[in-house]
Amino acid sequence: MDPSGQSGLASLTADMMDEGAGTRSALELADGIDYLGATIAVFSGMHTSVVALHTPLSKLDSAVVLMADIAIRPTFPKEELDRLRKERLTHLMQWHDRPNTIAQVAFSQTLFGTKHPYGVPTLGNEQSLRAFRANDLKRFHMTYYHPNNATLVVVGDVTRNSAQNKLESAFKSWGGGTAATVNWPDILQVERRNVYLIDKPGAAQSEIRIGRIGVSRMTDDYFSLEVMNTILGGSFTSRLNQNLRETHGYSYGAGSSFDMRPLPGPFMAYSAVQTNVTDKALSEFMKELRGILQPVSDEELERAKNYLALSYPDNFQSVGQIAQMLAELVTFNLPDDYFNKYVERVMKVTKEDALNVAKKYIDPEKIAIVVVGDRKQVEKGIKDLKLGTLTNMTIEDVLGKPPKVE
């Protein structure tokens with residue numbers, strides 16, 4: 001929901017909300033939260049912003065009041081905005097020395113372009129960060145932070161009535177607003193195999209990202225994809241990790257993922273490999289991406305399904321984790337019995353299901369390959385693989401010039 005030219009506004013608004021709220025300054029707010037033994041975090045993701053409270057049950061009444069101030073009545077003080085602005089500009093400067101960040105930003109830009117929010121870092125850019133004023137944040141908060149656009153999730157040793165009474169008392173002044181809508185640009189699938197080499201002179205490792213547009217969270221293929229990707233790169237015993245780490249020793253780890261969002265997110269295979277085996281590692285990636293298009297073994301299928309089923313309860317060990325899972329239920333409008341049927345649906349996935357989704361969503365001939373590494377050391381080897389058109393880029397092509405932080 002960042003307006004044009006105001007990249008980073010949503011995440012900066014969230015970051016600022018606990019830097020002064022109601023009648024309290026940032027320091028007074030922090031002291032009040034610490035005094036209760038509570039924590040309150042505010043953060044913004046791709047599609048949601050969250051105010052999260054974790055408090056001892058005995059302090060719930062007082063803690064909810066502070067939470068309500070942060071959610072409803074942030075003050076966005078100028079001095080705190082200036083501090084966070086400088087902090088973010090420092091992060092942008094540091095990104096130029098972080099190959100994994102360069103690779104992630106370049107990969108997103110390659111798949112989604114800079115006109116779609118999935119292709120733009122949520123942190124913002126130098127121009128937008130320098131231009132933000134408190135009124136920009138207030139306007140964003142007034143537009144999106146209202147009860148018609150919010151869900152309260154409560155997990156703990158409370159009844160609905162007791163929690164609801166406390167929340168209604170704290171949030172009683174919160175009203176008005178209608179949910180804003182926006183039309184995002186179309187997402188275009190990768191239609192050919194291209195290689196993008198971003199030069200990081202002297203890099204001891206090469207960061208590799210390989211992929212294409214994936215699928216949305218609401219897909220009917222969700223469980224088949226979970227099982228198939230567990231086999232390919234979603235666990236320690238996956239094919240990618242066993243190949244690149246255990247068999248060849250090219251990397252400390254390799255994997256793959258489908259980032260499923262309300263709109264189709266990226267499918268990505270990834271690793272950081274030793275510079276002198278960059279070309280060999282790419283060959284092994286291609287081997288595994290092609291290999292997953294063949295039927296998997298009964299043993300692999302059962303191991304993947306058991307891994308997903310047996311690890312699933314780990315997501316529900318604490319009240320915070322349960323709240324996070326319930327928030328996912330809300331975000332994607334999943335059915336109320338979704339958690340109870342998760343294992344059952346995983347165990348129903350067949351070898352044919354895994355093969356069908358692999359063929360449907362993974363196409364090794366139509367992928368983007370991003371490599372961040374020492375061009376002098378790796379370019380020839382990559383060219384000799386003849387994977388596709390190779391485009392040489394600089395770090396500034398991806399991130400722009402490093403900001404000057406005063």
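In the predicted model, the interface of helix 1 with helix 4 brings S11, L12, D15 and M16 of helix 1 into contact (heavy atoms within 4.5 Å) with E80, L81, L84 and R88 of helix 4. By class, this contact comprises four nonpolar, one polar and three charged residues. Helix 1 spans residues 9-16 and helix 4 residues 78-95, and the two pack at an angle of about 130 degrees with their axes 11 Å apart, helices being DSSP runs (H or I) of at least four residues and axes being lines fitted to C-alpha atoms over the stretch in contact, with angles from 0 to 180 degrees between N-to-C directions. The two helices are therefore oblique to each other, a term for angles outside the ranges under 35 degrees (roughly parallel), over 145 (roughly antiparallel) and 65 to 115 (roughly perpendicular).

The structure holds 13 aromatic pairs, defined by ring centres within 6.5 Å, with planes under 30 degrees apart counted as stacked, over 60 as edge-to-face and the rest as tilted. The rings of F171 and W174, with centres 5.6 Å apart and planes at 45 degrees, form a tilted pair, and F171 is buried (under 20% relative accessible area) at 9%. The rings of Y312 and Y342 are stacked, with centres 3.7 Å apart and planes at 5 degrees. Y312 lies in the loop between helix 12 (298-311) and helix 13 (319-331), whereas Y342 belongs to helix 14 (residues 338-347), 30 residues apart. Y312 is buried at 9% relative accessibility, as is Y342 at 4%.

Residues are numbered from 1 along each chain as its sequence is written. Local features required pLDDT of at least 70 and side-chain atom pairs pLDDT 80 or more, whereas totals for chains, interfaces and linings use all residues, and side-chain values use heavy atoms, without hydrogens and water.

Conventions. Nonpolar A, V, L, I, M, F, W, Y, C, P; charged D, E, K, R; others polar. Phe/Tyr/Trp six-rings, centres within 6.5 Å; stacked < 30°, edge-to-face > 60°. Buried < 20%, exposed > 50% of the residue type's maximum accessible area, 1.4 Å probe, protein only.
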